[in-house]
Amino acid sequence: MKSASARRGTNRISPVFLGIAAVTAVSGWAVWTDFAAAPGVAVFLFVTGAWIVSLCLHEYAHARTALHSGDLSVGAKGYLTLNPLVYSHAVLSIILPVIFVIMGGIGLPGGAVYIERGRIRGRWKHSLISAAGPLTNVLFAVVCTAPFWLDALDGVPDTFRYALGFLALLQVTAAILNFLPVPGLDGYGVIEPWLSYKIRRQVEPFAPFGLLAVFAILWIPSVNGWFFDAVDALLRGLGVTEWDTYWGRRFYEFWEGTPEIPTVTLPR
C-alpha cells in the first residue's frame with residue numbers, strides 16, 4: 001500500500017510543466033509590453049508555450065477522468081503531474097502537435113496517456129474519458145476568446161491581441177478535429193464503446209494512422225479551405241476576426257521576418 005507521501009507525489013505538479021508555464025508567462029509579458037527586440041520570437045514562444053500547456057491539460061483531463069472512473073494506475077504513471085515527458089508517446093503527444101502548428105497553423109493534439117480500459121466498467125465512463133480531452137480545448141478556446149466576445153480589448157496591444165487570436169484558432173481547430181469520429185482520435189473514442197465488437201476489431205488496425213490521415217487530408221486545398229472557412233465563421237461568432245488570426249500567424253512565423261503592425265481601425 002502506498003504511503004501518503006507517495007500518493008501526494010503522483011498528484012504534485014511537475015517542475016517541467018511549471019517551467020513551460022513560466023516561459024509562456026514571461027513571453028506573454030514580452031509580447032504585451034513590446035519588450036522583445038524581435039516580437040515574432042516572443043509571439044512564437046508565447047503561443048507555443050500556451051499550446052503545450054493546453055496539450056498537458058488535455059491529457060490531464062483524460063487521466064483525471066479515468067482515475068475517477070476506476071483506473072487507479074494513471075497516478076503511478078505520472079499522468080496527474082502534468083509532466084509531458086511521462087506520456088506514452090512523446091513524439092505524438094508534443095512534437096507532432098507543435099510541428100502541425102508550425103507547418104499548417106492547425107491545432108491537433110496527438111495520442112498520449114495510456115488508459116487501462118479493462119479497469120473501467122460502463123460505456124458512458126469510457127465515452128466521457130475520451131471526451132474530456134477535447135472538452136478541455138473547448139474550455140481553453142472560451143478563455144482565449146473571452147476578451148473578444150466580452151469587448152474587453154481596449155488598451156490591449158495589437159501584437160498581443162493577434163497572438164491571442166491565433167491561439168484561439170488553434171484551440172478551436174483542436175476541439176473540432178479531435179471530436180471527429182476517426183480511429184485514433186478522441187471522437188472515435190467517444191462512440192467506440194457503443195459499436196459492436198466486430199466493427200471495433202475491423203477498425204482497430206487503422207487507429208495508429210488516423211491522426212496523420214486527418215493532417216494529410218487537410219493539405220488538400222479544397223478541404224483546407226472549407227475547414228478554415230468553418231473555423232473562421234465560428235471564431236467570428238466569438239468576436240475573433242480573420243484579421244486577428246492572420247496577423248497572429250504572421251507574427252508567429254518569425255522566421256519569415258517581422259511584419260509591421262497594421263494601423264487600422266477594426267470593426268466593432
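This briefing covers salt bridges, one loop residue and one helix in the structure above. The model is predicted. It holds 7 salt bridges, and salt bridges that share partners join Asp71, Lys77, Glu116 and Arg119 into one network. Helix α7 is mostly covered.

**Salt bridges around Glu116**

- Glu116 pairs with Lys77 in a salt bridge, with 3.1 Å between the closest N and O atoms.
- This pair links distant parts of the chain, its two residues being 39 residues apart.
- Glu116 lies in the loop between α5 (90-104) and α6 (123-149), while Lys77 lies in the loop between α4 (73-76) and α5.
- Glu116 also forms a salt bridge with Arg119, at an N to O distance of 2.5 Å.
- Glu116 has a relative accessible area of 23%, so it counts as partly exposed.
- Lys77 is likewise partly exposed, because its relative accessibility is 24%.
- Arg119, at 45% relative accessibility, is partly exposed; the cut-off for exposed is over 50%, so Arg119 falls short of that class.

**Salt bridge between Glu253 and Arg249**

- The side chains of Glu253 and Arg249 meet in a salt bridge, N to O 3.0 Å.
- Glu253 is buried, with a relative accessible area of 16%, whereas Arg249 is partly exposed at 29%.
- The dividing value is 20%: buried means under 20% relative accessible area, so Glu253 at 16% is placed in that class.

**The network**

- Asp71, Lys77, Glu116 and Arg119 belong to one network of salt bridges with shared partners.
- Within this network, Glu116 is a partner of Lys77 and a partner of Arg119.
- Side chains of opposite charge can pair when their charged atoms come close.

**Ala112**

- Ala112 sits in the loop between α5 and α6, and the loop between α5 and α6 also holds Glu116.
- Ala112 counts as buried, because its relative accessibility is 8%.
- From Ala112 to Ser69 the C-alpha to C-alpha distance is 18 Å, and the two residues are 43 apart in sequence.

**Helix α7**

- Helix α7 covers residues 158-178, which is 21 residues.
- At 1.5 Å a residue, α7 should span 30 Å; its end C-alpha atoms are 30 Å apart, so the two values agree.
- Of the 21 residues in α7, 19 are buried.

How values were computed: Residues are numbered from 1 along each chain as its sequence is written. This is a predicted model: local features need pLDDT of at least 70, side-chain atom pairs count only at pLDDT 80 or more; totals for chains, interfaces and linings use all residues. Side-chain values use heavy atoms; hydrogens and water are left out. A salt bridge is a side-chain nitrogen of Lys or Arg within 4 Å of a carboxyl oxygen of Asp or Glu. Helices (H or I, at least four residues) and strands (E, at least two) are DSSP runs, numbered from the N terminus. Buried means under 20% relative accessible area, exposed over 50%, partly exposed in between (1.4 Å probe, protein chains only). The expected span of a helix is 1.5 Å times one less than its number of residues.
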